[in-house]
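This report walks through one protein chain, from its overall layout to the contacts of individual side chains. Please keep the sequence and the structure open while reading.

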Amino acid sequence: MASEGEYESILLVKPDVNVYRIPPRASNRGHRAADWKLDTPDWSGRMRITARGKVAFIKLEDKVSGELFAQAPINEYPGIAVETVSDSSRYFVLRIQDDNGRSAFIGVGFGDRGDAFDFNVALQDHFKWVKTEDEISKNALAPDTGPKLDLGFKEGQTITLNIGQGKKRDKPRPQSAGGFGLLPPPPGGKIAPPPSSNHNTTPPTGETQTDCLLDLDSSNSNTVVQSNPSSSDLWGDFSTPAR
């Protein structure tokens with residue numbers, strides 16, 4: 001049974017239900033609603049189904065005052081506390097109990113089949129929940145005897161991780177239109193003019209051909225140039241290598 005400290009929840013409320021006195025069961029074939037006086041119910045009121053812990057309670061109450069007429073504690077469904085009749089889906093047999101533990105069987109019926117369907121579903125859902133809670137409790141108490149998955153490393157076992165180890169690409173260097181990089185001029189120096197492709201060009205006034213060649217060869221510090229102005233051969237030896 002449910003303990004007094006447990007919270008009571010409401011599972012279903014139906015405002016119209018009829019109660020009948022039923023005759024004793026004549027045989028094992030079950031109860032039949034046709035044997036009841038369906039046109040003259042013995043009591044009419046509302047039905048409220050509540051749950052406290054794992055126990056459900058079907059309460060028959062007055063529509064106006066809410067006074068309790070009878071209640072049926074339900075420990076399992078389907079079971080002896082709630083039985084269906086053999087000739088209708090709208091009528092049931094309840095085993096009601098008083099505070100002294102005395103019990104009696106009465107018949108209850110709904111005017112609409114939808115109300116009877118909701119009555120069944122409310123009880124089924126509650127005891128499905130009870131069954132699930134029992135299975136969870138058993139699994140928690142039962143020792144784990146199944147094989148366990150070993151995810152540890154064995155002796156000498158290693159693992160290799162490749163995390164984004166890609167080749168680095170060199171960034172292309174900017175090139176000039178000719179395909180070569182531009183070099184800065186030497187500091188403090190002068191850029192010598194390129195030699196003329198025409199060897200017959202007359203040198204500037206006041207400057208011999210030898211002087212032009214000396215200017216072009218001034219970058220070679222290991223060469224001593226000696227001019228021979230009296231030489232008539234312009235393309236003769238005009239420099240001797242340094243010793």
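## Helix α1 and what covers it

Which residues in α1 are buried? In this predicted model, the buried residues of α1 are D115, A116, F119, A122, L123, H126, F127 and V130. The cover over these buried residues includes the strands β1 (8-21), β2 (43-52) and β3 (55-61), together with β4 (68-74), β5 (82-84) and β6 (91-97).

Helix α1 itself runs over residues 113-141, and at 1.5 Å a residue its 29 residues should span 42 Å, which agrees with the 43 Å that separates its end C-alpha atoms. At the N-terminal end, α1 is capped by D112, which places a side-chain oxygen 2.7 Å from the backbone nitrogen of G114.

## The chain as a whole

The protein chain contains two helices and nine strands, and along the sequence these elements follow the pattern β-β-β-β-β-β-β-α-α-β-β. Of the 243 residues in the protein chain, 21% are buried. Among the contacts with a separation of 6 or more, 52% are between residues 24 or more positions apart.

The accessible surface of the protein chain is about 19,100 Å², and carbon and sulfur atoms account for 51% of that area. One feature of this surface is a nonpolar patch of about 370 Å², which is made by I159, L161 and I163. Within the patch, I159 belongs to the loop between α1 and α2 (209-216); this residue counts as exposed because its relative accessible area is 59%, and exposed means over 50%.

## Charged pairs between strands β2 and β3

The structure holds ten salt bridges, and two of them share the residue E61. In one, the side chains of E61 and R46 meet at 3.0 Å, N to O; this pair joins distant parts of the chain, with E61 in strand β3 and R46 in strand β2, 15 residues apart. In the other, the side chain of E61 meets that of R48 at 2.7 Å, N to O, and here too the partners come from distant parts of the chain, since E61 lies in strand β3 and R48 in strand β2, 13 residues apart.

How buried or exposed are the partners E61 and R48? Both E61 and R48 are buried, and for E61 the relative accessible area is 4%. R46, by contrast, has a relative accessibility of 26% and therefore counts as partly exposed.

## K59 and its surroundings

K59 is also placed in strand β3, and with a relative accessible area of 12% it is buried, because the cut-off for that class is under 20%. The side chain of K59 makes a polar contact of 3.0 Å with the side chain of E8, and a network of salt bridges links E8, R52 and K59.

Apart from neighbours within four places in sequence, the residues in contact with K59 are E8, R46, M47, R48, T50, L68, A70 and Q71. Two of the residues in that list, R46 and R48, are the salt-bridge partners of E61 described above.

## Two loops: R32 and P78

R32 is found in the loop between β1 and β2, where its side chain forms a salt bridge with that of D35 at 3.2 Å, N to O. R32 counts as partly exposed at 28% relative accessibility, and D35 likewise counts as partly exposed, at 44%. Setting aside neighbours within four places in sequence, R32 is in contact with V85, S86 and D87. The C-alpha atoms of R32 and V93 lie 9.7 Å apart in space, although the two residues are separated by 61 residues in sequence.

Where is P78 placed? P78 sits in the loop between β4 and β5, and the peptide bond that leads from Y77 to P78 is cis, with omega near -5°. As background, most peptide bonds are trans.

Notes:
Residues are numbered from 1 along each chain as its sequence is written. This is a predicted model: local features need pLDDT of at least 70, side-chain atom pairs count only at pLDDT 80 or more; totals for chains, interfaces and linings use all residues. Side-chain values use heavy atoms; hydrogens and water are left out. Helices (H or I, at least four residues) and strands (E, at least two) are DSSP runs, numbered from the N terminus. The expected span of a helix is 1.5 Å times one less than its number of residues. Buried means under 20% relative accessible area, exposed over 50%, partly exposed in between (1.4 Å probe, protein chains only). Contact means heavy atoms within 4.5 Å. A polar contact is a pair of N or O atoms within 3.5 Å; within protein, one must be able to donate a hydrogen and the other to accept it, and residues adjacent in sequence count only if both atoms are side-chain atoms. Patches are made of residues with over 30% relative accessible area and no salt bridge: like charges are joined within 9 Å, nonpolar side chains (Val, Leu, Ile, Met, Phe, Trp, Tyr) within 5 Å. Accessible areas come from the Shrake-Rupley method with a 1.4 Å probe; for residues, only the protein chains shown count as cover. A salt bridge is a side-chain nitrogen of Lys or Arg within 4 Å of a carboxyl oxygen of Asp or Glu.
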